[in-house]
Amino acid sequence: MAIQGSESPFVFIWNEDVAGAMRHALLFGSAGNYNLAGDGALTLPEIARLLGKRTRALPAGLLKSILTIGKWTQLTRYGPEQLDFLRYRPVLDNHALKTVFGYVPRKTSLQTFTTFVQARENQSQKRPVTISGAPACKQIPVAMYPLKYFSPARITKHERCLSQSKHVALQSL
């Protein structure tokens, strides 16, 4: 479901790019805040197409009414206050990440999302997600913490895992 007249763009980042940026921060990073995101953005219709789904765009006023009733009747935890965030969704600009911080993500938002879709298809068919070809490492959850909270030992362990593994376990969004 989409909001009529709004593209609602999304940006995605590959888990190995998150680990790469943390490693870069530990080795070369400069102080500051940087948006960690792949290049480009995907709209809801593009995401739906990649998932093999259709979208239906509804007017914002109708969605606002539905969300108001849904929250009031406790059918959903989301209320009408979420609508403007989806309508005017911010897109992360990674220009400073690449030019000031010096890290360039290896996958774009589109490449990251298509890797995710492939992983879901492989998971439903009980096949490993092969990027190159060795045993998979234990999945390491990635949280949204500032880079300063990650220790060199954690990065080294994750990098060692990534260098030995050619499989990637992706978390659902």
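Which residues in H1 are buried? In this predicted model, the buried set in H1 consists of Asn15, Glu16, Asp17, Val18, Ala19, Gly20, Ala21, Met22 and His24. The helix itself covers residues 15-27. With its 13 residues, H1 reaches 19 Å from the first C-alpha to the last, close to the 18 Å expected at 1.5 Å a residue. As general background, an α-helix has 3.6 residues a turn, so residues three or four places apart point the same way.

Stepping back to the whole fold, the protein chain holds seven helices and two strands. Read from the N terminus, these elements follow the order β-α-α-β-α-α-α-α-α. The chain has 173 residues, and 31% of them count as buried. About 11600 Å² of the protein chain is exposed, and carbon and sulfur atoms supply 55% of that area. Turning to contacts between residues at least 6 apart in sequence, 82% join residues at least 24 apart.

A pocket comes next. Rolling a probe the size of a water molecule over the atoms shows where empty space is left. The second largest pocket has a volume of about 560 Å³. Its lining is made up of 22 residues, and Met1, Ala2, Phe10, Leu44 and Leu86 are those that lie nearest the centre of the pocket. Several elements take part in this lining: strand E1 (2-3) and the helices H2 (44-50), H3 (60-72) and H4 (83-87) each supply at least two residues. Sorted by class, the lining of the second largest pocket comprises 17 nonpolar residues, along with three polar and two charged ones.

Two loop residues deserve a look for their backbone angles. Most residues other than glycine have a negative phi, and most peptide bonds are trans. Serine 8, however, has a phi near 45°, a positive value in a residue other than glycine. This serine 8 sits in the loop between E1 and H1. Is serine 8 buried or exposed? Serine 8 counts as buried because its relative accessibility is 3%, and the cut-off for that class is under 20%.

Glutamine 74 also has a positive phi, of about 60°, although it is not a glycine. Here the setting is the loop between H3 and H4. Because its relative accessibility is 71%, glutamine 74 counts as exposed, a class that starts over 50%. Of these two loop residues with positive phi, then, serine 8 is buried, whereas glutamine 74 is exposed.

How values were computed: Residues numbered from 1 in each chain as written. Predicted model: local features only at pLDDT ≥ 70, side-chain atom pairs only at ≥ 80, totals over all residues. Heavy atoms only, no water. 1 Å grid on protein atoms, 1.4 Å probe; cavity = no way out; pocket = protein on both sides within 12 Å on 5 of 7 lines; lining within 4 Å. Points joined across faces, edges and corners; volume = space filled by probe spheres on them. Helix = DSSP H or I, 4+ residues; strand = E, 2+ residues; numbered from the N terminus. Nonpolar A, V, L, I, M, F, W, Y, C, P; charged D, E, K, R; others polar. Buried < 20%, exposed > 50% of the residue type's maximum accessible area, 1.4 Å probe, protein only. Contact = heavy atoms within 4.5 Å. Areas by Shrake-Rupley, 256 points an atom, 1.4 Å probe, with all protein chains shown as cover. Expected span 1.5 Å × (residues − 1).
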